[in-house]
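Okay, my turn. Let's talk about the empty space in this one.

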Amino acid sequence: MRKVGGSIFIIILMAVLFFLNWYVYQAVKTVLPHSILATGKMIYWLVASGVSLWIGFTFFTIMQEGKISTMSQKSLNLFLTISVTQFTVILFLFGEDIYRSLSSLFGYMTSSEPGSSAVLPSRRKFVSQLAFSIAAIPFTGFVYGIFKGKYDFRTIRKTVFFKDLPEAFDGFTITQLSDIHAGSFTDFDAVKRGADLAAAQNSDLFVFTGDLVNHKADEIDPMIASFAQIKAPFGQFSILGNHDYGDYTSWPSPKAKQENFDRLKEKHKKLGYDLLLDESRIIEKQGQRIRLLGVENWGVGFHAKGDLEKSLENVDKDEFKILLSHDPSHWDEQVKNHSKNIHLTLSGHTHGMQFGIETPVIRWSPAQYRYPNWAGLAEEAGKFLYVNRGFGFHAFSGRVGIWPEITVIELRKG
């Protein structure tokens, strides 16, 4: 049944790719000089067919292997870059087609000649030229995102106010990283620059909120020294994300999968992280304290292993609490309405879909159609959630408009 479903998906994918190629060709043949139209048509369809077959084979390979390899990532980069560019062109062509259809209908309805038929006006060359010119913007953005944007680390600082924050923690800072996805990286010097930037924040506390690797524990090995340098006077703490359990790749046996998981937990120790598995830790300063909670992955549609109640054992209702939970859907489903007030939750997971627009006027990402809180700070009834956009990347090895993030949260009383 799974093979049948995969075959149907590939057939539908190839049909969609053919439609996109055909529709864009309507603009191509409009702008090509008549003298080279035949040659241009042949070249266009040879290239379009070759790329489509490569993309189809890539998805077939991913389904067969159960993972996204480095070569598959490159194919997905090509697929997304071309598809977004094509969709931009098609938006203009579709708008013109509506105009052409209405013009044809109006001409037919107002014609006084008996037996006349509707005639569809020809495509206008300048519309196709405009479509290609505008489409060059997302095309350039994706090329930048694939080669440079994924390493364009940004530090985002947020100040969050709480009335019941213990006085000693007024001004307390937390640096957060999330979603390193070590198996996706090839430029380890760039990774070190990002880790150096995180270390340079000199925060009081450091936390990592899951997805250290894509599939296997050893992926982090080339980068352990880079991330182990990040130290904080009140400690370094971590949790697991959905990718850390090895669920998205094939294993020769359940034992091999468990051994990988055990090695992953050892990697956290080598990084200097205190891995919280449905546990809490007391952070004490000047005789006052706050609670740091950490749960295993819990997410709608993903691994729901985390046990919030277990992490809250022996935790007083009135204590100031910060929760590390990888998937922000956990906050919506269990955390924000919990009877033991959890003041601040730090999450990741979404990556902001690694694609979108964030300006003071426009804030959009495909992630918003899956997650109500997909990046940045959210608040409800005095309870806060911060969703980190991720340090690394997965599947699409690039970032366009949603840049890799190092978060610094400052706690303030007030």
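I'll go through the pockets and then the cavity.

Quick housekeeping: this is a predicted model, where local features need pLDDT of at least 70 and side-chain atom pairs count only at pLDDT 80 or more, while totals for chains, interfaces and linings use all residues. Residues are numbered from 1 along each chain as its sequence is written, and side-chain values use heavy atoms, with hydrogens and water left out.

So, the largest pocket: about 830 Å³. On a 1 Å grid over the protein atoms alone, a pocket is an open set of points with protein on both sides within 12 Å along at least five of seven lines, a cavity is a set where a 1.4 Å probe fits but cannot get out, and lining residues have an atom within 4 Å of a point. Volume is the space filled by probe spheres set on the points, which are joined across faces, edges and corners.

Thirty residues line that pocket, with Leu80, Met353, His394, Ala395 and Phe396 nearest its centre. H3 gives the most, 6 residues; helices here are DSSP H or I runs of at least four residues, strands E runs of at least two, numbered from the N terminus.

The second largest pocket holds about 440 Å³. Val24, Tyr44, Ile82, Thr85 and Gln86 are the closest to its centre, out of 20 lining residues. H3 has the largest share here too, with 7.

And cavities? There's 1 of 30 Å³ or more, with about 40 Å³ of space. Helix H5 (188–199) and strand S3 (205–209) each give two or more residues to its lining.
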